[in-house]
Amino acid sequence: MCGIVGILKSNSLKNEAIDILKKLEYRGYDSAGISLFEKNRIRTIKSIGKISELEKKSKKFSDKNFTGIIGHTRWATHGIVNRNNAHPFSDENLTLVCNGIIENYLKIQNRYIDIPSHIQSDTEVSFYFLSYLLNKYKNPDEAIKTFLKTIKGNYAFVIFIKKNNSFYLLKNGSPISLSHKNKSFYVCSDSSILSNYHNKIYHLKDGDIVKINNGNIKKLNNNSKISFEDNSVSQNPYDKGKFQHYMLKEIHEQPKVLKDTQLIYGSEFFIDFKAKFENLFNVDKLVLVGCGTAYHACMIGEYYFNKFTNLDVSSELASELRYKNISNNNKTLYIFISQSGETMDTLMALKYIKKYKHRSIIITNSLQSSMVREADVTIPTYAQKEVGVASTKAFTCQILSLANLSLEVGKMNKVISHIDYKKNIKILNLLPVKLKNLIKDFTPIAKYLAKKISLVNSCYFIGRNISYPIALEGSLKLKEISYMHSEGFPGGEMKHGPIALIDKDTMTVCINPNNELYEKSLSNAQEISARNGKTIILTSAKRTKKAGTEMKVPNLPKENFIDTPFIYSIPLQLISYYFALNEGTDIDQPRNLAKSVTVE
Ligand code: M6R
């Protein structure tokens, strides 16, 4: 994981690098560092914690004397969080930063006696190894090539060598992009950030070694030309506006981004769906793959495809899929879901199924991501940049994509009638207005429920059918931003074990839409109340039977099957947000997490 940046020639390179690192904090914020290139020396500054600490430490350096800079924000994998393990690793001739993991670092460490044995960090081992190679080979290019041949893993490196005043970029697996204008160069592990600087961009490919020297740029791994593509400037997503946190801003943005998404799908994207996708969906099996919140979107998609199509559909956790044997006898279509398009587990699962020649779709919010480059077809989510670590608007846009996709497939395969198709599309078109009112009306209720949750030690979420993944997502949201112990269960499973957890210090949130399972789920809540557990019942049903310690919550808007996940997930996002706010946690950057998990 981690975020990396590099700049050559700019009037304000230190401030710009710090600014970019702040935007990269979503990739980890355990420690940070920069190396500044002076005429005759490399100056390195490191700090523990967020970029604001590094900013304070680097205040005394003006930009004047420097020709270049590299920087890093770390999410610790190998080696504890301390100043020494922070990147960049540097000496008088070499400085480097890395995003990723060097899997054979122990082998390298044991083989070369010049590498101290106490080192814990795979990148520090790589630093010593490259330093050794630079002493061995007169030509730094040869040292770099040997370095790349020896190291194994998924990584992106930015390296500066003083001896030949050259900047090297290396990539395998982890993303890194380069933009430039005249002699000024910017490098970053998130290409969307580069659009603020230059609008011509090159995404490095696996195996690339790009060398920049005195304004000239060339590839060392082959003679292919570096062709820069357009990367036009987007709006500033880092402005919180009137909101205290990105998460709250992004919760409130949902009606708008869902409207944009639905408009685009209706007007251009799904027109001629048959011509575009018929072949792709002519399969024996459909598998939806993702991690965390994206996996919950997959589970919701599974219910949609199960209802609207006749495809054999299942969901898989990306981190597990690649260790399973998969058959290449049957025709399977894999749909990957990822906000960032960079989650390493999902990327690896995508590469894994490609080996078996299965077709793939990526549903993502990041059109320039690694997964887009790997998948056969990309379906964008149009949620716009999501900055808060807890996924909210990207999640609901993923669900909207899956809802539309399943309806289109159902219509194409004649499983649903044209009338049913139209009816469901109409529900999706009306969703933004419904959700806008819901956010407004539910906010005071969420604040009230958040206070009630603070009276218990654990919080459980239960639901049946499509409400089951909604319950899982509600639980994930609460635990990741508030650190409250929380679990999600299928309502019917409580009596098979989890009900043993229930006592007066627990709260159970029952996701109970007014459908054919309403009575059954209500019974599950009553079984919990009967054991002194506190309950909150979220429902649109007009009259709920009073169940022991049940909390009275005003009715949610009337739902249909297809809009249930939206109508019930947004209240859960709000409850988690206001609970975490009361707890005083770091809502946008909760402890131990990162926005984009680019390690396995
Ligand atoms: O970028 P991705 O959608 O692939 O990320 C997957 C998960 O890491 C992500 O959803 C994570 O669970 C979030 N913190 C949830 O809020």
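Lys 357 is exposed, because its relative accessibility is 71% and the cut-off for exposed is over 50%. The backbone at Lys 357 also deserves a look in this predicted model. Its phi is positive, about 65°, although Lys 357 is not a glycine. The residue sits in the loop that links helix 12 (344-355) to strand 18.

Follow that loop into strand 18, which spans residues 359-364. Here the surroundings are mostly covered: five of the six residues of strand 18 are buried. Strand 18 pairs with strand 17 (residues 332-338). The two run in the parallel sense, over six bridges. One point of contact to pick out is Phe 336, whose bridge partner in strand 18 is Ile 362.

Another parallel pair lies further along the chain. Strand 22 (residues 506-511) pairs with strand 23 over five bridges, in the parallel sense. Within this pair, Thr 508 stands opposite Thr 535 of strand 23. Strand 23 covers residues 534-538, and four of these five residues are buried, so the strand is largely enclosed by the rest of the structure.

Now return to the loops. Asn 165 is another residue other than glycine with a positive phi, near 50°. It lies between strand 7 (153-161) and strand 8 (166-172). How buried or exposed is Asn 165? Its relative accessible area is 48%, so Asn 165 counts as partly exposed. The cut-off for exposed is over 50%.

A further backbone feature is found at Pro 88. The peptide bond that joins His 87 to Pro 88 is cis, with omega near 0°. Pro 88 belongs to the loop between strand 4 (68-74) and strand 5 (89-90).

Strand 4 spans 68-74, and Gly 71 comes close to a residue from another part of the sequence. Leu 21 and Gly 71 are 50 residues apart in sequence, yet their C-alpha atoms are 7.2 Å apart in space. Leu 21 lies in helix 1, which runs over residues 13-23. With 0% relative accessibility, Leu 21 counts as buried, because buried means under 20%.

Finish at the surface. Which residues form a positive patch there? They are Lys 107, Arg 111, Lys 136 and Lys 152. Lys 107 is part of helix 3 (residues 105-111). Its relative accessibility is 65%, so Lys 107 counts as exposed.

Conventions. Residues numbered from 1 in each chain as written. Predicted model: local features only at pLDDT ≥ 70, side-chain atom pairs only at ≥ 80, totals over all residues. Heavy atoms only, no water. Patch = residues over 30% accessible without salt bridge, like charges linked within 9 Å, V, L, I, M, F, W, Y side chains within 5 Å. Areas by Shrake-Rupley, 256 points an atom, 1.4 Å probe, with all protein chains shown as cover. Salt bridge = Lys/Arg side-chain N within 4 Å of Asp/Glu carboxyl O. Lys, Arg positive; Asp, Glu negative; His and termini not counted. Charge placed at Lys NZ, Arg CZ, Asp CG, Glu CD. Helix = DSSP H or I, 4+ residues; strand = E, 2+ residues; numbered from the N terminus. Buried < 20%, exposed > 50% of the residue type's maximum accessible area, 1.4 Å probe, protein only. Pairing = 2+ DSSP bridges.
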